Amino acid sequence: MKGKRPKLLLIHSSDELYGSDRILVEVVDALREDFEILVWLPTDHQDGKRRLFHLLRERQVSVEHVDMPILRRALLNPRGLGRMLRLAPRMLKLIRGAHADQVYLMTSACLLLAPLARLAGVARATVHIQEPWGKRESLILRQLARLTQQRIAISQMVAQSTGFADQDICVVNNAVARLDRANPPRKLQLERDAFERPSYVVASRWAAHKGHETLLRAWEQADCPGFLYVLGSAPDGPHGVDIAALVSRHVSRPETVKIIGQVDNPQDWFESVDAMILPTDTVEGCGLVPIEGFRHGKAAIVSDSGGPGEVVNHGKDGWIFATRDVPALAQILRSSTKNDLSALGAEGQRKYEEKYTPERFKETMREKMSGVLLGR
């Protein structure tokens, strides 16, 4: 008879369906055969529809909303730090009550839970680092991460930003799979002219650093060379951008830019366009967007913002341009044809099958987690 599975308490810092949230789903799918999994999601960072919560419920995963001390920039002040400190005793009690064999912290923002897990007597902890650390924040995060027995980074760039030696951190490439397993992606009916001109999608939070203004300025410089579909929504707080206002300000032919907003199944759009664009102005820990594109046989156009450059092979399966370089992006858009993008996408799909499938991710994660649990 099969023995009782060890219990894994998986703690995450948001209830949305963006990059790190998608990777949580992949981690759950990879480990659910070997672990009894309980997921805790925060009460203070949701997209209004609690998409991740409901997706996990559909997968029959135990999931709860918990008021947790999550490291957010908006809370790095006396009042915010005081609130997080007041949550600590309750969290210590909750972690003890979960009776977990291991705690899995899905992002660096969850690292305040590492010392509490140790105080609660949890044998082992893992942190999944999905964002590059800045020099100042790494001084704190590195000390908290030392309280874990395993550190997983999503790219070489992210691993290097932590300051850990190679033997103290491992890189596991992200993977993407179909979120809604009952409904495969379908091709959407796009604008009639889209059959003649390339169509692109940009899918991310509408935040200033995500490069929407860079993209729209390049779109104009390239003479609005096709159709651009903008998926996503603005985050809470002061860092959101008004996409409609940016289109009005920069694009002379606004009918070529379609603001779609938040959608239930973004993979319908990935299936329907010719290429994905990731125009981030600062840094990206991973190339999840190009991996999404490659899965659907689509080319990827990305800025050299870190992680995406580890995924895209310039000129072979996509194009890389310097961050904030509007003329360089405009030249790519101006010169790309549907046939060019189709050929790049076919190469990207081959790369996906070699490196980024859920099966490969599952195999790697099961190996890493079993090793940590057994103390290897």
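These questions and answers walk through a predicted model, from its sheet to its cores and salt bridges.

User: In what order do the strands of the open sheet run?
Analyst: The open sheet is built from 7 strands. Their pairing is parallel. Strands of a sheet pair through backbone hydrogen bonds. The order is β3-β2-β1-β4-β5-β6-β7.

User: Which strands sit at the edges of this sheet?
Analyst: An edge strand pairs on one side only. One such strand covers residues 62-66, and the other covers 170-171. They are β3 and β7.

User: Which residue in β3 is the bridge partner of Leu-38?
Analyst: Strand β2 spans residues 36-42. It runs parallel to β3, and 5 bridges join the two. In β3, the bridge partner of Leu-38 is Ser-62.

User: At about what angle does helix α1 run to β2?
Analyst: Helix α1 covers residues 19-31. It lies across β1, β2, β4 and β5. Its angle to β2 is about 165 degrees.

User: Which element gives the most to the largest nonpolar core?
Analyst: The largest nonpolar core has 89 residues. Val-39, Trp-40 and Met-365 have the most contacts inside it. The element that gives the most is a helix with 7 residues in this core, α1.

User: How many residues are in the other core that lies apart from the largest one?
Analyst: This core includes Leu-228 and Val-230. Ala-299 and Val-326 are also among its residues. Its count is 28 residues.

User: Which residues does Met-365 contact, leaving aside its neighbours within four places in sequence?
Analyst: Met-365 is one of the residues with the most contacts inside the largest core. Close sequence neighbours are set aside here. The contacts are then Val-27, Ala-30, Leu-31, Tyr-104, Ile-152 and Val-172.

User: Is Glu-367 buried or exposed?
Analyst: Glu-367 is found in helix α14, residues 358-373. Its relative accessibility is 53%. A residue over 50% counts as exposed. Therefore Glu-367 is exposed.

User: How far apart in space are Glu-367 and Ser-62?
Analyst: In sequence, the two are 305 residues apart. In space, the distance runs from C-alpha to C-alpha. It is 23 Å.

User: Which residue forms a salt bridge with Asp-29?
Analyst: Asp-29 is in helix α1. Its partner is in the loop between α2 and β3, 30 residues apart from it. Both residues are buried. The closest N and O atoms are 3.1 Å apart, and the partner is Arg-59.

User: Is Glu-213 exposed or partly exposed?
Analyst: Glu-213 is in helix α7 and pairs with Arg-249 in helix α8. Their side chains meet in a salt bridge at 3.7 Å, N to O. Arg-249 counts as exposed because its relative accessibility is 55%. Glu-213 is at 35%, so it counts as partly exposed.

User: How many residues apart in sequence are the parts that Arg-324 and Asp-281 tie together?
Analyst: The side chains of Arg-324 and Asp-281 meet in a salt bridge at 3.8 Å, N to O. Arg-324 is exposed at 52%, whereas Asp-281 is buried at 10%. Each lies in a loop, so the pair ties together parts whose separation is 43 residues.

User: Which residues are linked in a network of salt bridges?
Analyst: The whole structure has 16 salt bridges. Side chains of opposite charge can pair when their charged atoms come close. The network links Glu-33, Asp-34, Lys-362 and Arg-366.

Methods. Residues numbered from 1 in each chain as written. Predicted model: local features only at pLDDT ≥ 70, side-chain atom pairs only at ≥ 80, totals over all residues. Heavy atoms only, no water. Pairing = 2+ DSSP bridges. Helix = DSSP H or I, 4+ residues; strand = E, 2+ residues; numbered from the N terminus. Contact = heavy atoms within 4.5 Å. Axes fitted to C-alpha atoms, helices over the stretch in contact; angles between N-to-C directions. Buried < 20%, exposed > 50% of the residue type's maximum accessible area, 1.4 Å probe, protein only. Core = buried A, V, L, I, M, F, W, Y, C linked by side-chain atoms within 4.5 Å. Salt bridge = Lys/Arg side-chain N within 4 Å of Asp/Glu carboxyl O.
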